[in-house]
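User: I would like to go through this protein–RNA model with you step by step, beginning with a sheet and ending at the RNA. Please reason each answer through before you commit to it.

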Amino acid sequence: MTATPSTGPTHFIHEIIEQDLRTNGNGANGQVVTRFPPEPNAFLHIGHAKAICLDFGTALKYGGRCHLRMDDTNPVKEKQEYIDAIKVDVRWLGFGWGEHEYHASDYFGQLYDWAVLLIRAGKAFVCDLPPEEVSRTRGTLTSPGTPSPYRERSVEENLELFEGMRAGRFPNGARTLRAKIDMAHPNLNMRDPVMYRILHAEHPRTGNAWCIYPMYDWAHGQSDWIEGITHSLCDQAYEEHRPLYDWFLDQLIALGAKSPNAGYRPKQREFARLNLPFTVLSKRRFLDWVEGGFVKGLDDPRMPTLSGLRRRGFTSEAIRDFCQRIGVAKRENVIEYALLEHCVREDLNKRAPRAMAVLRPLKVVIENYPEGQIEELEAVNNPEDPAAGTRKVPFGREIYIEQEDFAEVPPPKYYRLSPGKEVRLRWGYLITCTGVVKDPATGAITELRCTYDPATRGGNPPDGRKVKATIHWVSAAKAVDAEVRLYDHLFSKEDPDDAPEGSDWRVNINPKSLEVLSGVKVEPSLADTASGAKQWTDGIGRYQFERQGYFCVDADSKPGRLVFNRTVGLRDTWAKEAAKTGGKG
RNA sequence: UGGCCCGUAGUUCAAUUGGCAGAACGCCUGACUCUGGAUCAGGAGGUUCCAGGUUCGAGACCUGGCGGGCCAGCCA
C-alpha cells in the first residue's frame with residue numbers, strides 16, 4: 001500500500017470512528033476493521049474506487065485492517081471471472097488485504113444455523129406466497145402491508161419446511177424464509193423481509209451444495225459480525241436497510257448466538273456515492289452498452305470501469321488522488337470531469353517520458369538540407385525530471401509536422417508556421433516556410449517547402465533572436481507508423497438518461513466518442529514498447545506526446561503494429577483562444 | 001396522506017462543534033518558458049435554500065416551509 005497515514009478526521013466517517021475509538025463505542029477496544037464487499041457480478045468502476053480508498057484507507061489510517069469480501073449470495077448473477085477481475089482491480093489500485101480474503105458463501109452454514117435459531121425463537125417463518133403475492137401484500141409507501149397467511153405457522157412446521165427447502169424438495173420461488181417483524185412498519189424493509197429464497201443454481205464456490213441462498217440483508221451484517229468488522233461503510237442506498245441490519249444482530253445477540261469475535265458490534269455507516277457527468281456508474285448499464293455494441297467491452301477505454309480507465313492510460317496514483325480530493329459526504333454529488341483530468345495530468349506530467357508523434361502529418365521538405373543526410377539530435381526525455389535523461393532523435397531533409405501547425409492564412413494571434421514565418425523544431429533547428437505545394441485538382445496542401453538555419457542546431461539561435469513557437473516533428477525517413485485512438489465522452493449529455501419521451505439513453509450516445517487515426521508518424525524510439533513499459537508498475541507504457549497530450553500503449557499493440565490511446569489532452573489555451581475568436585488552428 | 005437522507009462560490013468539500021465564511025478544481029489576468037505544456041503571481045466568484053425563533057453573537061441550535069435524492073426484487 002502506498003497511501004500514507006495522516007492524523008485527524010478528514011470527514012464525518014472518520015469523526016464517527018474517532019468518537020467510537022474514544023468511547024469504545026462498538027466494543028472493539030481501539031480496533032478499526034473495515035471491509036470492501038463487492039458482488040462479483042460485473043467489473044468494478046470508479047465509484048467503487050471511492051469506496052475502496054475509503055475502506056482500505058480508513059483501516060490504514062487507524063492502524064486496522066480491511067477485508068476483501070465477495071458478496072456472493074446470488075449465483076444466478078455471479079461468476080468466477082468477475083471474482084478474478086475484482087481482485088486484479090483492487091490490487092492495481094494499490095491495496096492489499098493480506099490473508100483477509102473472504103466470501104459471504106464461507107458463512108452459508110453459519111447463516112443457516114442462525115436462521116434455525118430465529119425460527120425456534122418465533123422470529124422467522126416459512127412463507128408459501130408466490131413472489132407476486134409477497135409483493136402485493138407488502139403494501140405501498142403510504143399504506144401498511146397485510147400479514148402473510150403463513151405467518152403463524154408452528155415452529156415445528158417452519159423447521160420442517162425450512163429443512164425441506166434446503167434439501168431441495170421445492171422448486172424455485174415456491175417458498176421463502178421470512179423474518180417476522182412488522183407488516184405495518186413505515187420502513188418497507190421491515191415488513192417481514194425475505195431471508196432465504198430457493199435458487200437451484202450452481203454457485204461459483206459452493207457448487208451445488210446449496211439450493212437456498214441468503215438475501216443481502218440476512219448475509220451482510222452477519223458476515224460483518226463474524227469477521228469482527230467494526231465499521232461497515234456503504235452507499236447511502238443502504239441507509240434504509242440499517243434498521244434491519246441492526247434488528248438481525250439484536251435478535252442473534254439476544255438469543256445468545258456467538259460470533260467468533262464476540263464483543264464487537266459492527267455499525268453500518270453510509271456515504272454518498274460518486275457520480276460523473278456524461279456517463280453512468282451502474283454495473284447493469286455497462287452490460288447494456290456492451291450488448292448494444294456501443295463499446296467494445298467492459299475494458300473499453302471509454303468505460304468508467306477501473307479496467308477501462310487503466311486501458312485508457314490512467315494511473316492508479318491519479319485515481320487514488322482523485323478519490324482523496326472528492327471527499328466523503330452525504331450530499332448528492334456530480335464531480336466535474338475536469339478534476340479527474342487534472343489528477344492524471346498532474347501525475348503523468350511528472351512521470352511520463354516525452355516523445356514526438358505527428359497525429360495528422362504534413363510533409364515538409366527542407367530545401368537547403370543535404371539529401372540523404374541523417375543527424376542524431378539530443379532530446380530531453382522529461383523536463384520535469386532530469387533523472388529521466390536524454391535520447392537521440394533522427395533528423396533529415398524530409399520531416400512531418402502537424403497539419404494544425406501550419407496556416408496559409410494565419411488567424412489573429414496564431415504564431416506557428418505560415419508562409420515567410422520562422423518556427424523552432426523542438427530539439428532541432430529553426431526553419432522558415434518558403435513555399436506551399438498544393439494538389440492542382442483539389443487545392444489541398446500536400447507539402448511545405450522550408451529552409452533551415454544550420455547555425456541553430458539544438459534550437460538556440462546564436463544571434464539570440466526569438467521565435468515564439470516551437471513545434472514537434474518526426475523524420476520522414478525514420479518515422480514509425482502507428483494507430484492512435486482518440487476518445488471523448490460516451491454520451492453527449494451530462495445526464496445520459498435525460499432523453500425525450502418515448503426514447504432512451506441510446507439517443508444520447510456520442511457518435512464521436514472514438515476517433516481512430518491511422519498513418520500517425522511517431523519517432524523511432526517508440527517502437528520499443530517493451531522498454532517503454534518498464535518504468536510503470538502495471539507494465540503499461542505511457543508517454544507525453546509533446547504538445548498533444550498523454551498517451552499509452554494499447555493492449556491491441558503488437559510488434560510491428562503500434563496502437564496508442566490518448567488518455568487525456570494537454571491543457572490547451574490556444575484551443576480556448578481559437579474558440580473565442582472563432583478562429584481555427 | 002409514508003419513511004429515510006441531503007441543501008455553504010460554477011463544481012466538490014472545509015469552517016477548531018455557537019465567535020471575522022475558506023481550500024481544491026474550473027474560470028479570468030499577468031510573468032516566465034525550446035511543449036500555446038509545466039511553473040509562478042494575482043483576480044473574479046456567496047442573500048450559507050427561505051421564513052421565523054433562541055443567543056451579546058447562528059452556516060452550525062429550535063420550529064415551520066421550500067427544493068433535491070432514495071425506498072414498494074425471492075437484486076446487491
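User: Which residue in β5 does Cys-127 stand opposite?

Analyst: The model is a predicted one, and the strands concerned belong to an open sheet of 4 strands with the order β4-β5-β6-β7 and antiparallel pairing. Within it, β4 (124-127) is joined to β5 (residues 176-179) by 4 bridges, and the two run antiparallel. The residue in β5 that stands opposite Cys-127 is Thr-176.

User: Why is one side of β4 and of β7 left without a neighbour in that sheet?

Analyst: The order of the open sheet is β4-β5-β6-β7, with a twist that averages 20° from one strand to the next. One side of β4 (124-127) and of β7 (212-214) has no neighbour in the sheet because each has a single partner strand, both standing at the edges.

User: Which helix lies across β4, β5, β6 and β7, and at about what angle to β4 does it run?

Analyst: The strands named make up the open, antiparallel sheet in the order β4-β5-β6-β7. The helix that lies across them comprises residues 155-167 and is α6, running relative to β4 at about 60°.

User: In the sheet of 7 strands, which residue of β23 does Arg-354 stand opposite?

Analyst: That sheet is open, with mixed pairing and the order β10-β23-β24-β25-β21-β22-β11. Its edges are β10 (354-355) and β11 (357-358), each of which has a single partner strand, so one side of each lacks a neighbour in the sheet. Between β10 and β23 (residues 542-545) there are 2 bridges, and these strands run parallel. Opposite Arg-354 in β23 stands Gln-544.

User: How do the side chains of Arg-354 and Gln-544 approach RNA strand B, and at what distances?

Analyst: Both residues are listed among the closest to RNA strand B, together with Arg-284, Arg-331 and Gly-458. For Gln-544, a polar side-chain atom is 2.5 Å from a base nitrogen of the strand. For Arg-354, the separation between an N or O atom of the side chain and a base oxygen of RNA strand B is 2.2 Å.

User: How many residues surround RNA strand B, and what share of its atoms within 4 Å of the protein is sugar and phosphate?

Analyst: The surface near the strand comprises 25 nonpolar, 18 polar and 26 charged residues, and the number of residues surrounding RNA strand B is 69. Of the RNA atoms that come within 4 Å of the protein, the share belonging to sugar and phosphate is 61%.

User: Which residue of α11 has a side-chain N or O atom 3.1 Å from a sugar or linking oxygen of RNA strand B?

Analyst: Helix α11 (316-326) is one of the elements that give two or more residues to the surface near the RNA. Several of its residues are buried, including Ser-316, Ile-319 and Phe-322, and the cover over its buried residues includes α2 (46-61), α3 (80-93), α10 (306-312) and α12. The residue whose side chain makes the 3.1 Å approach is Arg-325.

User: Is Lys-521 buried or exposed, and with which side chain does its own make a polar contact?

Analyst: Lys-521 lies in β22 (residues 514-522), and its relative accessible area of 16% makes it buried, since buried means under 20%. Among the residues it touches are Ala-357, Val-358, Tyr-400 and Val-480. The polar contact of its side chain, at 2.9 Å, is with the side chain of Asp-481.

Terms used: Residues numbered from 1 in each chain as written. Chains lettered and ligands numbered in written order. Predicted model: local features only at pLDDT ≥ 70, side-chain atom pairs only at ≥ 80, totals over all residues. Heavy atoms only, no water. Near = heavy atom within 4 Å. Polar contact = N/O pair within 3.5 Å; in protein donor to acceptor, adjacent residues only side chain to side chain. Nonpolar A, V, L, I, M, F, W, Y, C, P; charged D, E, K, R; others polar. Buried < 20%, exposed > 50% of the residue type's maximum accessible area, 1.4 Å probe, protein only. Contact = heavy atoms within 4.5 Å. Pairing = 2+ DSSP bridges. Axes fitted to C-alpha atoms, helices over the stretch in contact; angles between N-to-C directions. Lists of a residue's contacts leave out its neighbours within four places in sequence.
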